[in-house]
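Trainee: Could you take me through one part of this model up close? I'd like to look at the disulfides and their surroundings, and then hear how the rest of the fold's details line up beside them.

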Amino acid sequence: SQWLPSLVPLSPPLPNNSDIIQPAATLRSTMSATLVLFLTLQCVAGSFATATTKPRIYVGIPMNWPITKQSTKVNLRSLISTWGKRADVLRFYIHEEQLRNHPPEKYGLGDMDIYIEPVPMKRSDRIEERNIWEKSWRGWQTASRKYLQEADWFIKTDIDTFLIMDNVRAFLSFLDPKKPHYLGHTLMHEWDRFNLVFNSGVGYILSREALRRLGMRLEAGMPSVGIQDKKYQCFDRSGPLEDPNTAGCLREINILPGDTLDKQGRQRFNLFRPRDLLFRMKYVPEDWYWRNKMSIGEAQLGFGCCSASPLLFHNFKSGKGVFDKNAFHELEYVYLSQPYQAKLKAVELDPPSGNLYQFREKELSFSIDQDRNAKIDQFKDGAYPPAVRVGKYLDENPEVQKCFVTGSTCECNLPKTLPEGMTFSESPAKNCQSGARIQHGSECGVSCAPGYMKQLNGFDTQHKNHNKKEHSFKCDGGFLIYPRFECIPTCRVPKIPPGAKFRFGKNEGEVVDEGKELEIICTRKDINNNNNNNKNNN
């Protein structure tokens, strides 16, 4: 495939190959451990892909703001300059109010503007409060409104995760983004207690169709509840745990984690650093990491930890939250290097199965129904744990379920309040007014009010796709697609007195961003006429 690098995958030794394991056991440095693991993995996806179209990838990362630790700034720049630059769209979700109060320039991060996605939140962004769930679901809502047409796959990850983007694209090239896929490292330790199986938040992937459906669910309403109320159900609440809560929302609309294991049952999405997986992992069946999983036991330790085609590694920081400042560049070096590839024979990589997550029912301590709902006798309400049944929201809203299947039967609600500075340019006779319902396939044009100007969203600016300007709300299968621009306050350059000019060449009538200052100076002739008494006549 033309979009993949013409590199040969590295051939891994067997996990019990003493010639490989023994030297690795003596390694001490992060770099050495990383080199050993990656030299035993098929890091490059050359023989993995069959698709002729490069999958477009959006990456969203929730972040606290402002960033004051130097190690975090270094890690952020490392992320952007390594795997981040291979994403089609990279966005950091930042509390909108915090961004206003703490502009990036104040912290030496002014060049981050093109990657920042302001997220409106009603809760605090204080680190100790950890309101990650609200920031995440509002981030997904923003992505569904603004970027649904700009990418095929949508990844949520963390700042201390390293993604091997070519392997990610190769893996996804076997799957259809028009189907509702939810992919990641699947955890099952809450299955029996809360009827929930979810993908770890270190890095999980939604297809475009999964995000479209999730967006519809979020737009339907997110009532606020207490932090411990209706646990893992699709409600707005304070606190962290965005990954099980996201899964709870997806479970309500019948989207469950997909199978991401390789043919040997090894993980492609890795929750820890290479050196931790190699030397520190222990097999404890009742531990959260292993519980209820389809386990291959001790064989998953050491070099059996990970697939030969890994997609990500995580946790590149110390227990005190200090990032390993060199890790991403070390991984980048290993990932891009080809030390022995001329001598190695390519090994065919196995594609994803396309099925739901794997498990062994006979090994479970509880029973499940045909939809994988946990059934436990101790619970009274239908013998289900007090959480989310698969398809609960769809069962309660049959018109939405029909909409998912047919698309054309669905209507959309226009926003009750338009974004700042935006007005409808279509006649109300077409039902184009705030809060109105419009039919599938309908659209309502919008424009900017006087005193505002259009600014294309970050994707168009970054990728120069200015021919794709869309200036309307569109109803597509029950999902409302938002315009691809925002309205920002502006001023226009006024007339200036004779004998004066703008220092930097602005012309009358030009648009100027709010807050911009224009310096006016006198022409030399005017200064001479005033006897040169004031050469700084601004």
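Mentor: Here's a walk through the disulfides, followed by the backbone oddities, the sheet and the cavities.

Keep in mind that this is a predicted model. The structure holds six disulfides. If you number the bonded cysteines along the chain, the pairing reads 1-2, 3-4, 5-6, 7-11, 8-9, 10-12. Let's go through three of the links, beginning with Cys234 and Cys249.

Those two cysteines are joined with an S to S distance of 2.0 Å. The torsion about their S-S bond is about 95 degrees, so this disulfide is right-handed. The pair connects distant parts of the chain, with Cys234 in the loop between H8 and H9, Cys249 in helix H9, and the two positions 15 residues apart. Both ends are tucked away: Cys234 has 0% relative accessibility and counts as buried, and Cys249 at 1% counts as buried too.

The loop that holds Cys234 deserves a pause, since it has some backbone quirks. Lys230 lies in the loop between helix H8 (208-219) and helix H9 (242-252), and it has a positive phi of about 50 degrees although it is not a glycine. Tyr232 is in the loop between H8 and H9 as well, with a positive phi of about 65 degrees, and it isn't a glycine either. For context, most residues other than glycine have a negative phi, and most peptide bonds are trans. The surroundings of the two residues can be told apart by accessibility: Lys230 is partly exposed, at a relative accessible area of 44%, while Tyr232 counts as buried at 6%.

Next comes Cys432 with Cys444, again with S to S at 2.0 Å. Here the torsion about the S-S bond is -80 degrees, and the link is left-handed. Cys432 sits in the loop between strand E14 (422-424) and strand E15 (437-439) and Cys444 in strand E16 (residues 443-448), so the disulfide ties together parts that are twelve residues apart in sequence. Cys432 is buried, with a relative accessible area of 3%, and Cys444 counts as buried at 1%.

Strand E16 turns up again in the link between Cys448 and Cys487, where S to S is 2.1 Å. This one is left-handed, with -90 degrees about the S-S bond. Cys448 belongs to strand E16 and Cys487 to strand E20 (residues 485-492), so the pair ties together parts that are 39 residues apart in sequence. The accessibility values are 18% for Cys448, which counts as buried, and 8% for Cys487, which is buried as well. The cut-off for buried is under 20%, so Cys448 at 18% still makes it into that class.

Now for the sheet. Six strands form an open sheet in the order E3-E2-E1-E4-E9-E6, with mixed pairing. Strand E3 (116-119) and strand E6 (182-183) are at the edges with a single partner strand each, so one side of each has no neighbour in the sheet. Further in, strand E1 (residues 57-62) and strand E4 (residues 153-157) pair in the parallel sense over four bridges. One of the residues to click on is Gly60, whose bridge partner in E4 is Lys156.

If you follow the chain into the loop between E1 and helix H3 (70-81), you come to Pro66. The peptide bond joining Trp65 and Pro66 is cis, with omega at about 5 degrees.

That leaves the internal space. Searching the whole structure turns up three cavities of 30 Å³ or more. The largest cavity has about 120 Å³ of space. It is lined by 13 residues, and the closest to its centre are Thr186, Met188, Leu261, Gln267 and Gln358. By residue class, that lining divides into four nonpolar, seven polar and two charged.

The second largest cavity has about 50 Å³ of space. Its lining is made of Gln267, Leu277, Met281, Tyr289, Trp290, Gln300 and Cys305, which divide into five nonpolar, two polar and no charged. Gln267 is worth selecting in your viewer: it is one of the residues closest to the centre of the largest cavity, and it also lines the second largest one.

Notes:
Residues are numbered from 1 along each chain as its sequence is written. This is a predicted model: local features need pLDDT of at least 70, side-chain atom pairs count only at pLDDT 80 or more; totals for chains, interfaces and linings use all residues. Side-chain values use heavy atoms; hydrogens and water are left out. Two strands pair if DSSP finds at least two bridges between them. On a 1 Å grid over the protein atoms alone, a cavity is a set of points where a 1.4 Å probe fits but cannot get out, and a pocket is an open set with protein on both sides within 12 Å along at least five of seven lines; lining residues have an atom within 4 Å of a point. Grid points are joined across faces, edges and corners, and a volume is the space filled by probe spheres set on the points. Ala, Val, Leu, Ile, Met, Phe, Trp, Tyr, Cys and Pro count as nonpolar, Asp, Glu, Lys and Arg as charged, and the others, Gly among them, as polar. Buried means under 20% relative accessible area, exposed over 50%, partly exposed in between (1.4 Å probe, protein chains only). A disulfide is a pair of cysteine sulfur atoms within 2.5 Å.
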